[in-house]
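Please look at the chain and its fold before reading on. The report below moves from the whole chain to its strands and then to single residues.

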Amino acid sequence: MAPSSPAMPLPSAGDTVEGRHVYRLGRPLGEGGYGTVLLGRPVGAPEDVPAEVAIKMLSPRLAHKTRRDALRRELSSLLAVEHPTIPR
């Protein structure tokens, strides 16, 4: 069983999150087993950064190391695939 951690609210529309750049979150795009996917728009990013991105927010109940590692593997797999239905 994974160690429990205090419940933290997930960021939602209007909040900002930081990754490679800072993004302002927009409307939800979908929800699945790992969490919720939200529309993201970069804040003050260089021109070569896409105007809109999909940001997957991992569900707090899955936010332990094993699940994070699985999400990283999923990301690596997705980056290797070119298809119009897979967001970049």
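## Strands, helix and two residues

A hairpin connects strand β2 to strand β3, with 3 residues forming the link. This feature, like everything else described here, belongs to a predicted model. Across the hairpin the two strands β2 and β3 pair in the antiparallel sense, and 6 bridges hold the record of that pairing.

To place this hairpin in the chain as a whole, it helps to take the elements in order. The secondary structure of the protein chain comes to 1 helix and 4 strands, and from the N terminus on these elements follow the order β-β-β-β-α. Strand β1 (residues 16-18) and strand β2 (residues 22-31) also run antiparallel, joined by 3 bridges, and they too form a hairpin, with 3 residues between them.

The table sets out the two strand pairs.

| Strand pair | Bridges | Residues standing opposite each other |
|---|---|---|
| β1 and β2 | 3 bridges | glutamate 18 and valine 22 in β2 |
| β2 and β3 | 6 bridges | glutamate 31 and threonine 36 in β3 |

What does threonine 36 touch, once residues up to four places away in sequence are not counted? Threonine 36, which is found in strand β3 (residues 35-42), touches Pro28, Gly30, Glu31, Ile55, Lys56 and Met57 under that condition. Glu31 in this list is the residue that stands opposite threonine 36.

Is threonine 36 buried or partly exposed? Its relative accessibility is 17%, and because buried means under 20%, threonine 36 counts as buried.

Arginine 68 offers a second residue to examine, and it lies in helix α1 (residues 65-79). The relative accessibility of arginine 68 is 36%, so arginine 68 counts as partly exposed, given that this class takes in the values between the 20% limit for buried and the 50% limit for exposed. Arginine 68 and tyrosine 34 are 34 residues apart along the chain, while their C-alpha atoms are separated by 9.6 Å.

Values for the entire chain complete the description. The protein chain has 88 residues, of which 20% count as buried, and its accessible surface comes to about 6,700 Å², with 56% of that surface belonging to carbon and sulfur atoms. Among the contacts in the protein chain with a separation of 6 or more, 28% are accounted for by residues 24 or more positions apart.

Conventions: Residues numbered from 1 in each chain as written. Predicted model: local features only at pLDDT ≥ 70, side-chain atom pairs only at ≥ 80, totals over all residues. Heavy atoms only, no water. Buried < 20%, exposed > 50% of the residue type's maximum accessible area, 1.4 Å probe, protein only. Contact = heavy atoms within 4.5 Å. Areas by Shrake-Rupley, 256 points an atom, 1.4 Å probe, with all protein chains shown as cover. Pairing = 2+ DSSP bridges.
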